[in-house]
Amino acid sequence: MSTQITWLGHSCWLIEFNEYRLLLDPFLDHNPAAPCKAADVSATHILISHGHADHIADAASIANRCHAQVITNYEIATWLQEKHHVKNTLGMNLGGAAKLPFGRVKQFLAWHSSVLPDGTYGGNPAGLLIKLTESLTIYHAGDTALFSDLSMLAREHVDVAMLPIGDLFTMGPEDAVEATNLIQPRHVLPMHYNTWPPIAQDAQAWAALVRERTSSKPHIPKVGEAFRLDHT
Ligand code: NI
Ligand code: MN
């Protein structure tokens, strides 16, 4: 079996697994670094870590056009339904897991903030733990700071972790290396950097530190480039 993970810039990823297309944190139309526009992307499911515009901006338009189910926290799910007429949503909260057609999604902790673009309370920010098969678990950290409870993810046997390295609003490169040590993923991919000058980072320097200080394998996909993972 082969799963394709494509970086669409910032914290947005497309995971193609069997007949499913999972879109994480869609932010395309107003992302200067995005390889495509929201209208160019199709999804069966959209997963959102928290309510900030740079993670949710294109969720409603894509969900409504593709009839995709949106999986996020209860506050964001309700807001998408009431304010943006998104029909199919699943609202969750921290620590909760849900069984979905493509696998299991659990909302993990994230140390950050969360307010929706119109000022509505966005609930708690989350990281997304996505178990597609027994041998493929993906963790998208959202916009978190480094915190010691990330070590709880080590027992989940994460195959691919997407971690922010941009600093300023999230953990920076050094903390992302420490987070990699706590999570112990097989592969680690950077995100939430180089979108704008304040979060510019040298991903190659980060990858060198990952190789030096952890046993995880860093990959630096270009925007629009797929990372392919073979698994059972
Ligand atoms: Ni944020
Ligand atoms: Mn963000």
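**Chat: a two-metal site and its surroundings**

Tutor: Let's start with Thr170: leaving aside neighbours within four places in sequence, Thr170 is in contact with Asp143, Thr144, Pro164 and His192. Contact means heavy atoms within 4.5 Å. This is a predicted model, where local features need pLDDT of at least 70, side-chain atom pairs count only at pLDDT 80 or more, and totals for chains, interfaces and linings use all residues. Residues are numbered from 1 along each chain as its sequence is written, chains are lettered from A and ligands numbered from 1 in the order in which they are written, and side-chain values use heavy atoms, with hydrogens and water left out.

Student: Is Thr170 buried or exposed?

Tutor: Thr170 counts as buried, at 9% relative accessibility. Buried means under 20% relative accessible area, exposed over 50%, and partly exposed in between, using a 1.4 Å probe and protein chains only. Thr170 lies in the loop between S11 and H4. Those labels are DSSP runs numbered from the N terminus: helices are H or I with at least four residues, strands are E with at least two.

Student: Cool. Which residues are the protein donors of the manganese ion (ligand 2)?

Tutor: Asp54 (OD), His55 (NE2), Asp143 (OD) and His192 (NE2), lying 2.1 to 2.3 Å from the manganese ion. Donors are N, O and S atoms within 2.8 Å of the metal (3.2 Å for Na, K and Ca); water is not among the atoms, so sites may look incomplete. Along the chain, the manganese donors follow the spacing D-H-x87-D-x48-H.

Student: And what does Asp143 bridge?

Tutor: Asp143 bridges the manganese ion (ligand 2) and the nickel ion (ligand 1), and the two ions lie 3.2 Å apart. His55 sits in helix H1 (residues 53-56) and His192 in the loop between strand S12 (187-191) and helix H5 (203-213), so this pair ties together parts that are 137 residues apart in sequence.

Student: Are those two histidines buried or exposed?

Tutor: His55 counts as buried at 0% relative accessibility, and His192 counts as buried at 1%.

Student: Switching topic: what's the strand order in the open sheet?

Tutor: The open sheet has 7 strands in the order S7-S8-S9-S10-S11-S12-S13, with mixed pairing. Its edge strands, S7 (97-100) and S13 (217-218), each pair on one side only. Two strands pair if DSSP finds at least two bridges between them.

Student: How many bridges join S9 to S10?

Tutor: 5 bridges, and S9 (residues 126-133) and S10 (residues 136-140) run antiparallel. Ile130 stands opposite Ile138 in S10.
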